[in-house]
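Reader: I would like a close look at a single part of this chain, set out slowly enough that I can follow it with the structure open. Please take one helix and show me how its buried side is arranged, and then place that helix in the chain around it.

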Amino acid sequence: MSFEYKCLLCDRLITSDQITLHKQKHADTYEYATLWPINDPFIDFCYDVDIPIYSSKIIADTIGVKKVYILDEGYNYSGSMKDYLVKRSIDIGIKNNIKFFNVASSGNHAISLAKLTQLYDYKAVIFIPASSVKIKLLSSFDNILIIGVRNSNYEDVYSLSNQLDIEGLFNANASNEILIPGLQTVSRQICSLSPQPTHILAGVGNGTYLSGITWGLEHTINPIPKIVPVGMNNAFPFENALFNKVKIFKKKSYDITNVYEAVGSIAVESFNSPHLYHCIKLSNGFVFGNLINNDLRKAYLLLMNDINLTKKCVIPEPTGIMGLAAALKYKKAFTGDDILLISFTGHALTSILSIKRLIPEIYNTLIASARINKKNFSFQINNNKRRNIIYIDKDIKMSMLKTIVQNWMCQ
Ligand SMILES: [Zn+2]
């Protein structure tokens, strides 16, 4: 019998046909990423993209470490690391003859799904809080149905999207155990570096990105660089999980004011994933939390000193700069021998309004550099075309929601 997963809650090895039965053993944790794939990563490789990694002497000198690598995930097709997860979902869809996908997202995951399904001539249903500023941008895609949920937060739209069970529709918020092999593209890029990094830092929501990188590295590098997830003040369940030495920690509420400009760091349903907890332990890593918007500002001001990066338009969105902000804020935690790899997880052009609010100083540089580098994540926004948006209440009957989506799928 070939085992395919290790349960991180009870250490048992299980096969794929035992997943449902096994998850019933941990019934109150069915929604968490608890199964760690143990199959050969090379079998599941599906996405080849050459993401640039730069080194910055100015940033390394300021932090006081030997070297700093900047991994520019903003280079991805839709401008963020979500492309790895969406590409993985689409790959599974192709294998199962599926052409419709749904996702709950108030940001980059939705943009990535819209752009990549458009590329493949597929369609997507996007669940989003009606208050989201991204609705205008998303409405420029002809291949998607936007379902704006009135008076809702991210957890409400996530719950609605997850309950939608329609044949032929694939949930792109699929569980991490399915998605993380999509990240091995990044692990391969990291493996090619010399010298190897001692630490890998990135801002996290549910930790899928760092979990996937660690999963890929587990098969190739020993020891694995220390995995360092970074979070905003009062919105970082991993910090609580580690502090309390529990594999799962669910926050009851978030202080939205402090995470406002780093919206991507808000974890789905406010819980940490046992996957990332496992990665921190596996790599002897740690967490940096308590970031506030002003820490992000300081990181942008430091980045502006490195003209080599800014002239190449290596400028992240506020969520994407959290890793650099933490390295700067907690620089005393490092030594002169350390080599940091800091991931800029998403590009500034995906969040221009946030950039304007948080760091207007960099706005002109961003626009000028985007023109020179012919970077174009802008969308043709047509204010007259709003036929692909439907607004609903969060207590809508599931049967009615199903009918709305099925009718759109049949068009
Ligand atoms: Zn178990």
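Author: Two residues are said here to be in contact if their C-beta atoms, placed from the backbone, lie within 7 Å, and that cut-off is what packing rests on below. The model is a predicted one, and the part to look at is helix α6, which runs over residues 154–163. Within α6, the buried residues are Tyr-154, Val-157, Tyr-158, Leu-160 and Ser-161, where buried means that 20 or more other C-beta atoms lie within 10 Å of the residue's own.

The spacing of these positions can be read against a general property of helices. An α-helix has 3.6 residues a turn, so residues three or four places apart point the same way. Seen down the axis of α6, the buried residues fall within an arc of 165 degrees, and they therefore line one face of the helix. As for what that face meets, the buried residues of α6 pack against four strands, namely β6 (100–104), β7 (123–129), β8 (144–150) and β9 (169–171), and also against the helix α18, which covers residues 398–410.

To place this part in its surroundings, the chain is divided into domain 1, made of 45–77 and 178–372, and domain 2, made of 99–167 and 381–410. The C-alpha centres of the two domains lie 28 Å apart, and nine residues of domain 1 are in contact with ten residues of domain 2. On the side of domain 1 that touches domain 2, the residues divide into five nonpolar, three polar and one charged.

A buried residue in another helix can be set beside this. Glu-177 has its place in helix α7, residues 176–179, and Glu-177 counts as buried because 21 C-beta neighbours lie inside 10 Å. Leaving aside residues up to four places away in sequence, Glu-177 touches Tyr-5, Ala-33, Leu-35 and Pro-37. Glu-177 and Gly-148 are 29 residues apart in sequence, and their C-alpha atoms are 28 Å apart in space.

Seen as a whole, the chain holds 18 helices and 14 strands, and its radius of gyration of 20 Å is close to the 22 Å that the globule rule gives for 411 residues, so the chain is as compact as a globular protein of that length. Of those 411 residues, 48% count as buried, and among contacts between residues at least 6 apart in sequence, 75% join residues at least 24 apart.

Technical notes. Residues are numbered from 1 along each chain as its sequence is written. This is a predicted model: local features need pLDDT of at least 70, side-chain atom pairs count only at pLDDT 80 or more; totals for chains, interfaces and linings use all residues. Domain bounds come from an automatic or database domain assignment. Ala, Val, Leu, Ile, Met, Phe, Trp, Tyr, Cys and Pro count as nonpolar, Asp, Glu, Lys and Arg as charged, and the others, Gly among them, as polar. Helices (H or I, at least four residues) and strands (E, at least two) are DSSP runs, numbered from the N terminus. A residue is buried if 20 or more other C-beta atoms lie within 10 Å of its own, exposed if 12 or fewer, and partly exposed in between; C-beta atoms are placed from the backbone. The arc is that of the directions from the helix axis to the C-beta atoms. The radius of gyration is taken over C-alpha atoms; the globule rule is 2.2 Å times the number of residues to the power 0.38.
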